[in-house]
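Please describe this two-chain model for a reader who knows folds. Take each chain by itself, then turn to where they meet.

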Amino acid sequence: MSGQLTLSQLEHMAMIVRQDIISMLEEAGSGHSAGSLGMADVFTALYFNIMQHQPDDPSWSDRDILVQSNGHIVPVRYAAMARAGYFPLTELKTLRKLGSRLQGHPERVILPMMETTSGPLGEGLGQACGMAYTLKYIDKQPHRWVYVTLGDGELDEGSNWEAIMLAAKYDLHNIIAFVDRNNIQIDGNTEDVMPLEDLRAKWESFGWHVQEIDGHNIESIIDAAAMARAITEKPSVIITHTIPGKGVDFMEYDFHWHGVSPNKEQAKDALKKIRSMDGRIEGDHE
Amino acid sequence: MAHFVLSDDMYKDTIQMEPIRKGLGKGLVKAGQEDERIVALCADLTESTQIHLFKEAFPERFVQVGIAEQNLISVASGMAAMGKIAFASSFAAFNPGRSWEQIRTTVCLNDQPVIVVGSHAGLSAGADGATHQMLEDIAITRALPNMTVVVPTDSLEAEKATLALAKQGKPAYIRLCREATPVYTTPDTPFEIGKAYIVREGHDVTLIGTGVTVYECLQAARELAEGGLEAQVISVPTISPLDRETIIDAVRKTGRVVTVEEAQINGGLGSAIAETLGEELPMPLLRLGMNGQFGESGTLYQLLDKFGLTGPHIAGSVREFVRKMPRYHQ
């Protein structure tokens with residue numbers, strides 16, 4: 001999978017993933033729009049460039065692991081996974097529906113390729129620590145990496161800071177965390193609900209290697225992940241500055257879109273906006 | 001059914017006393033020798049929970065997480081996701097007390113082999129007082145789907161239970177007592193996850209205990225026998241899944257049931273038995289234990305005495321109950 005797409009193909013793929021997200025959420029009638037759209041570039045980069053994995057063999061023993069602590073934006077992951085070949089695109093329409101493998105939040109028992117069950121915030125990084133510790137010290141598999149995505153609002157959870165300390169204590173350099181710094185959470189802007197700044201200084205003082213990037217620049221995302229893999233003495237966090245709702249102007253920067261899905265009219269409008277950003281995509285992606 | 005063997009010293013003052021948690025410590029080392037997938041984690045209470053024995057034997061398979069019980073469980077779940085069987089230990093007040101949601105999501109729903117070890121459970125936290133006396137752990141763990149809940153009755157049974165839980169490799173909670181209590185079972189006494197055991201035959205009333213209260217029930221039965229009342233005693237080391245078959249078959253013969261636990265009766269063993277009887281064989285029931293109250297500082301045996309859970313108190317409560325309550329007839 002790694003390195004197969006060019007940069008412009010990756011950008012194109014991120015746009016397709018955004019369209020999938022809108023279609024899925026409209027069909028589901030509920031779900032988290034803003035964060036899903038905002039992280040489309042990161043998840044595209046992960047599934048189509050950064051991670052070592054085999055969509056036709058999800059339990060491949062040498063695969064990298066992705067723990068999605070911010071499980072509420074799982075639509076972006078389902079879309080990226082479907083596009084990568086993990087399951088049929090048609091299955092995306094089953095999101096949040098009775099009997100679906102695509103639960104509202106990731107569930108490993110129902111869909112083992114999700115690696116873990118997540119969504120209740122503040123638990124993903126701890127699980128990633130357990131995985132990374134096992135890979136580094138017990139099973140000794142230095143070629144495998146544990147990627148974690150976290151929301152910024154979820155850093156309110158004290159349990160994250162327990163995990164941040166543990167990762168630094170054990171020099172879990174094989175953890176690479178992406179924090180979706182989109183500055184919103186359900187009740188408003190993060191700095192109003194519970195200020196996180198100076199976020200960089202917080203992570204640095206806890207012993208992590210910190211990078212800050214534009215979360216919509218796929219080249220930056222790939223480069224930052226490569227840099228993180230080169231840091232072998234401490235865990236790495238990449239603070240990815242994103243625009244919530246990215247690609248749909250009436251959703252961008254608006255915290256009201258954190259936890260809701262578009263209706264039919266809004267979805268139609270949103271798909272048009274996404275497509276119009278890039279003249280290369282014509283017609284319906286289906 | 002395998003015969004439940006009691007120690008020859010059962011009713012002697014010379015009976016060996018040992019904290020139940022010591023059985024966990026010994027069993028875990030054995031489990032670690034038998035299976036290299038076994039790992040252990042602790043939240044700054046390594047010696048108290050007896051995990052230090054495992055840590056000394058297998059330092060590379062031990063993770064010290066600090067005073068961070070939520071992360072304790074998340075990390076354990078992550079290790080389990082990579083193929084390990086993880087024992088995650090702290091005081092019961094904090095694990096499962098503080099870590100319950102992590103247990104629910106990352107262990108039970110996620111179906112990972114994490115065994116939650118809660119030491120100093122119940123009144124056994126003793127002098128530490130009510131803050132540290134975890135009385136609600138049975139209630140909050142047995143409510144969880146996909147969860148095995150085990151309360152060993154002495155250190156020997158704790159060792160057997162630890163080995164059995166390691167072998168089972170499924171989400172579980174093991175509740176351990178801090179203070180030394182009588183070792184009244186033997187190496188030959190059977191233990192199987194999910195089984196209840198009839199430890200004394202009797203036809204007038206059934207006493208059902210779990211953990212340290214089984215021994216107290218046996219003491220009560222002995223005293224009751226002196227007054228001509230023959231009590232059947234059942235040990236329930238596995239509260240979830242409950243061995244309904246053995247329990248229902250047994251209580252059918254006596255028609256009256258008294259449950260005894262050093263935990264909240266609402267949600268605890270008392271509830272589990274009340275639900276079973278209510279659904280399958282309604283009959284008079286008395287639940288002894290903590291009835292919507294907190295403990296206080298004192299030794300385990302002072303507290304058992306204060307809350308009416310020693311042999312003589314149980315015997316008194318049973319006599320009163322039998323006098324008032326007609327026997328169930330089918």
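The report below covers overall dimensions, sheets, helix packing and the contact between the chains. The model is predicted.

## Overall dimensions

Chain A holds 10 helices and seven strands. Its radius of gyration is 18 Å, close to the 19 Å of the globule rule for 286 residues, so chain A is as compact as a globular protein of that length. Chain B has 11 helices and 14 strands. A compact globule of 330 residues would have a radius of gyration near 20 Å, and the 19 Å of chain B agrees with that.

The table sets out values for each chain.

| Chain | C-alpha extent along principal axes | Buried residues | Share of contacts (separation 6 or more) joining residues 24 or more apart |
|---|---|---|---|
| Chain A | roughly 50 × 45 × 35 Å | 53% of 286 residues | 76% |
| Chain B | about 60 × 40 × 40 Å | 59% of 330 residues | 79% |

## Chain A: a parallel sheet

What is the strand order of the sheet in chain A? Five strands run in the order 1-2-3-7-6. The sheet is open, and its pairing is parallel. Strand 1 (65–68) and strand 6 (209–214) of chain A are the edge strands, each pairing on one side only. On average, neighbouring strands are turned by 20° against each other, direction ignored.

At one edge, strand 1 of chain A pairs with strand 2 (residues 146–151) of chain A. The sense is parallel, and four bridges join the two. Here I65(A) stands opposite V146(A) of strand 2.

Helix 9 (residues 218–230) of chain A lies across strand 3 (175–181), strand 6 and strand 7 (236–241) of that chain. Helix 9 of chain A runs at about 170° to strand 6 of chain A.

## Chain A: a helix pair

Helix 3 (residues 40–50) and helix 4 (residues 74–84) of chain A pack against each other. Their axes are 9 Å apart, at an angle of about 35°. The crossing of helix 3 and helix 4 of chain A is right-handed.

Which residues of helix 3 of chain A meet helix 4 of chain A? They are A40(A), F43(A), T44(A), Y47(A) and F48(A). Across from them, helix 4 of chain A brings V76(A), R77(A), A80(A), M81(A) and A84(A). By class, this contact has eight nonpolar residues, one polar and one charged.

## Chain B: a mixed sheet

Chain B has an open sheet of seven strands in the order 3-2-4-5-7-6-12. The pairing is mixed. Strand 3 (62–64) and strand 12 (238–240) of chain B form the edges, and each pairs on one side only. Neighbouring strands are turned by 20° against each other on average, direction ignored.

Starting from the strand 3 edge, strand 2 (residues 38–42) and strand 3 of chain B pair in the parallel sense over three bridges. L41(B) stands opposite V63(B) of strand 3 there. Strand 2 of chain B also pairs with strand 4 of chain B, again parallel, over five bridges. In that pairing, I38(B) faces I85(B) of strand 4. Strand 4 of chain B then pairs with strand 5 of chain B in the parallel sense, over six bridges. S90(B) has G118(B) of strand 5 as its bridge partner.

Is strand 4 of chain B mostly covered or mostly open? It is mostly covered: seven of its seven residues are buried.

Two helices pack on these strands. Helix 1 (residues 20–34) of chain B lies across strand 2, strand 4 (85–91), strand 5 (114–119) and strand 7 (172–175) of chain B. Helix 1 of chain B runs at about 140° to strand 2 of chain B. Helix 3 of chain B touches strand 2, strand 3, strand 4 and strand 5 of chain B. The direction of helix 3 of chain B makes about 170° with that of strand 4 of chain B.

## Where the chains meet

How many residues of chain B are in contact with chain A? The count is 24 residues of chain B, against 24 residues of chain A. On the chain B side, helix 3 (69–81) and helix 4 (100–109) each supply at least two residues. Helix 3 of chain B gives the most, with nine residues. The chain B side divides into nine nonpolar, 10 polar and five charged residues. Helix 3 of chain B thus appears in two settings: it packs on the sheet of its own chain, and it supplies residues to the side that touches chain A.

How values were computed. Residues numbered from 1 in each chain as written. Chains lettered and ligands numbered in written order. Predicted model: local features only at pLDDT ≥ 70, side-chain atom pairs only at ≥ 80, totals over all residues. Contact = placed C-beta atoms within 7 Å. Nonpolar A, V, L, I, M, F, W, Y, C, P; charged D, E, K, R; others polar. Pairing = 2+ DSSP bridges. Axes fitted to C-alpha atoms, helices over the stretch in contact; angles between N-to-C directions. Rg over C-alpha atoms; globule rule 2.2 N^0.38 Å. Buried ≥ 20, exposed ≤ 12 C-beta atoms within 10 Å, placed from the backbone. Left-handed = near helix turned anticlockwise from the far one by under 90°.
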